[in-house]
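Please work through the exercises below with the sequence and the model at hand. Each task is followed by a worked solution.

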Amino acid sequence: MFQDFLLYTQDLPQAQQEIVALGGRVTQQFTETVIVVNLPDSVDPQTLQHSTITPPTSLDPVSQLAADAWNQLQVKARAAESPNPSEGLSWDTPGYSPPRYDENHPDALHRSPTLTENQPDESTGTPTSRYMIGSIAVGVVIVSGTRPDLAFSVAEQQQIIQEVQEGLNFLATVEPRARITFVYDIRLVTVSVTPGSTSNYESAEAPWRNAALQNMGFSASRSGSLQYVQNLRTSRGTDWAYVGYFTKYPLHHFAYAVDEKICMNYSNDGWGSDQINRVFAHETCHIFGAADEYGNCSCGSIHGHLGVPNNNCVKCPGTHMACLMDGNVLELCQWSRGQIGWDDRLLGPTWRRFELAPANIAATDGGITSVSRIPNSMEVWWVGANGSVQAAYWYEGANWQRYELAPAGSASTNGSITAVSRIPNSMEVWWVGANGSIQDAYWYDGSPWQRFELAPTGSASTNGSITAVSRIPNSMEVWWVGANGSIQDAYWYDGSPWQRFELAPAGSASTNGSITAVSRIPNSMEVWWVGANGSIQDAYWYG
């Protein structure tokens, strides 16, 4: 496990090297002296040589503001506040205004006149935000006006920074393989301009934005914003860069993303200023290529640098996953992840894990088996905690489905289960019954499930193992450990009755042990088991 720590340093490069060497990483760099790091539990931050958890006696105003914001965020988290009423709501819930990203926005500089519907929308089309991997410079420009209703207090500035920290901390840590570091450039700017017309985006934004850019030393124009972001990327040496503007000046829409910039009004519409974190994270994902999944989204439309389909759009059939691109929740679905570049094609392959069934579903001493009956499919079988036989299946493009094949008490909760697909799109499942019988269920496409008892009560060790193999097409061979420690076999091929024989006599196998079989060439069989004396035993045959 990992934990986040706020650290202070006088030597940022050395601090970064030490943290990486210990298996951690810098997730947020607020200033040259204040950073947030994600460290393994085994690392005590008090032992670090080039950074410390103890704040210095004095900090510059921006560093102090960022540190105070982070510390207040931790207080908020520890308070375990009750969820906001808007938690989990879709962005277009009646009574709320959704944040916006409009690829046909007249201010969207990324749109090429030759771009067709079949071409992927590569993020926002700017070279400063192609995909969300690596180091990312983010300008946090808080623009106050001289009028009281347009001015920010120190507490409000701190809240904005805190909300940005919370939203970006989610993005920096939810996919460790992306190894994201957000490098902040916090600007507190006051301008003395009259609000513009809110009839369109540019007329509302231009007066205060241009004045702020001029104050920061850039061109007082739309292109000045691009210059600032490009300069940010170069001066900070990051892979990518973008800017978030925050103001109390009235906007055409309360939050939106276009090309290199996010613009947000502090009131954050009906969502409230304490939900800026979610909206800013949502808009940041737009900056790096993610599509909206609510409202007029288009199911299957292609987005992002990797051209990933929008298959979690609310207009798509099937189960809809909770996702930041659809609603007010800090979760990202697989499609949004791919659109911002979090995909094996950029991150490299890795093991993935998920929980198919929750605690107490399976017998902790029971068996589990799996088989793929057609290409790109998976079927999993296990003994339930109540002695039932449980199944879950999946094939590409569908969601996992679960069902119960045999009811409580059908299987030994200490016993084994095995499955085999002897012809394409068929399934046969074998298990040790609670009474020591050998039970079977089989199915093939177009027919219902059938069940029968291969061997009666007392035939098998209820603590033992069972295995099955199809050595030639449309055949089946089943092996199990007998109640007396013998090795038992039953075989069948199309058109013949089931045959049984004893391969090894009583006392040959451990009644708590395992057995496995394989057909290494057509019409051959090799069987392995754990002997009663702890040996490994083998028997083999070929036609």
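The exercises that follow concern a predicted model.

**Exercise 1. The chain as a whole**

Task: Determine how many helices and strands the chain has, and how its radius of gyration compares with that of a compact globule.

Solution.
- Step 1. The chain contains eight helices and 25 strands.
- Step 2. For a compact globule of 543 residues the radius of gyration would be near 24 Å, whereas the chain has 31 Å.
- Step 3. The C-alpha trace spans about 95 × 55 × 40 Å along its principal axes.
- Step 4. Of the 543 residues, 52% count as buried.

**Exercise 2. Two open sheets**

Task: State the strand order of the open sheet formed by four strands, and name its edge strands.

Solution.
- Step 1. The order is S19-S20-S21-S22, with antiparallel pairing.
- Step 2. Strand S19 (466–469) and strand S22 (499–504) are the edge strands, since each pairs on one side only.
- Step 3. On average, neighbouring strands of this sheet are turned by 20 degrees against each other, direction ignored.
- Step 4. S19 and strand S20 (residues 475–481) are joined by four bridges; Thr467 has Trp479 in S20 as its bridge partner.

Task: Describe the open sheet of three strands in the same manner.

Solution.
- Step 1. Its order is S23-S24-S25, and the pairing is antiparallel.
- Step 2. At the edges stand strand S23 (515–518) and strand S25 (536–542), each pairing on one side only.
- Step 3. Here the average turn between neighbouring strands is 15 degrees, direction ignored.
- Step 4. Four bridges connect S23 with strand S24 (residues 524–530), and Trp528 in S24 is the bridge partner of Thr516.

**Exercise 3. A hairpin and positive phi angles**

Task: Identify the residue with a positive phi in the hairpin of S17 and S18.

Solution.
- Step 1. Strand S17 (residues 438–444) and strand S18 (residues 450–455) run antiparallel and are joined by five bridges.
- Step 2. Gln439 stands opposite Glu453 in S18.
- Step 3. Five residues lie between the strands, and Gly446 takes a positive phi near 95 degrees in this hairpin.

Task: For Asn360 and Asn523, give the phi angle and the location.

Solution.
- Step 1. Most residues other than glycine have a negative phi.
- Step 2. Asn360 is not a glycine, yet has a positive phi of about 70 degrees. The loop between H8 and S11 holds Asn360, which is exposed at a relative accessible area of 71%.
- Step 3. Asn523, likewise not a glycine, has a positive phi of about 65 degrees. Asn523 is placed in the loop between S23 and S24, and is partly exposed, at 31% relative accessible area.

**Exercise 4. Salt bridges**

Task: Decide whether the partners in the salt bridge of Lys261 are buried or exposed, and find where they lie.

Solution.
- Step 1. Lys261 forms a salt bridge with Glu205, and the closest N and O atoms are 2.5 Å apart.
- Step 2. Because Lys261 belongs to strand S8 (residues 261–265) and Glu205 to helix H4 (residues 201–216), the pair ties together parts that are 56 residues apart in sequence.
- Step 3. Buried means under 20% relative accessible area. Lys261 has 0% and is therefore buried; Glu205 has 0% and is therefore buried.

Task: Examine the pair Asp259 and Arg222 likewise.

Solution.
- Step 1. Their side chains meet in a salt bridge of 3.8 Å, N to O.
- Step 2. Asp259 lies in the loop between strand S7 (255–258) and S8, and Arg222 in helix H5 (residues 222–236); the two are 37 residues apart.
- Step 3. Asp259 is buried at 3% relative accessibility, and Arg222 is buried at 12%.

Task: Name the residues that are linked in a network of salt bridges.

Solution. The network links Glu175, Arg177, Arg337 and Asp344.

**Exercise 5. A nonpolar surface patch**

Task: Name the residues of the nonpolar patch and locate Phe354 and Trp400.

Solution.
- Step 1. Phe354, Met378 and Trp400 form the patch, with about 300 Å² of accessible area together.
- Step 2. Phe354 is in the loop between helix H8 (344–347) and strand S11 (368–371). Phe354 is exposed, at 58% relative accessible area.
- Step 3. Trp400 is in the loop between strand S13 (389–395) and strand S14 (401–406). Trp400 counts as partly exposed, at 30% relative accessibility.

Definitions and conventions: Residues are numbered from 1 along each chain as its sequence is written. This is a predicted model: local features need pLDDT of at least 70, side-chain atom pairs count only at pLDDT 80 or more; totals for chains, interfaces and linings use all residues. Side-chain values use heavy atoms; hydrogens and water are left out. Patches are made of residues with over 30% relative accessible area and no salt bridge: like charges are joined within 9 Å, nonpolar side chains (Val, Leu, Ile, Met, Phe, Trp, Tyr) within 5 Å. Accessible areas come from the Shrake-Rupley method with a 1.4 Å probe; for residues, only the protein chains shown count as cover. A salt bridge is a side-chain nitrogen of Lys or Arg within 4 Å of a carboxyl oxygen of Asp or Glu. Buried means under 20% relative accessible area, exposed over 50%, partly exposed in between (1.4 Å probe, protein chains only). Two strands pair if DSSP finds at least two bridges between them. Axes are lines fitted to C-alpha atoms, for helices over the stretch in contact, and angles run from 0 to 180 degrees between N-to-C directions. The radius of gyration is taken over C-alpha atoms; the globule rule is 2.2 Å times the number of residues to the power 0.38.
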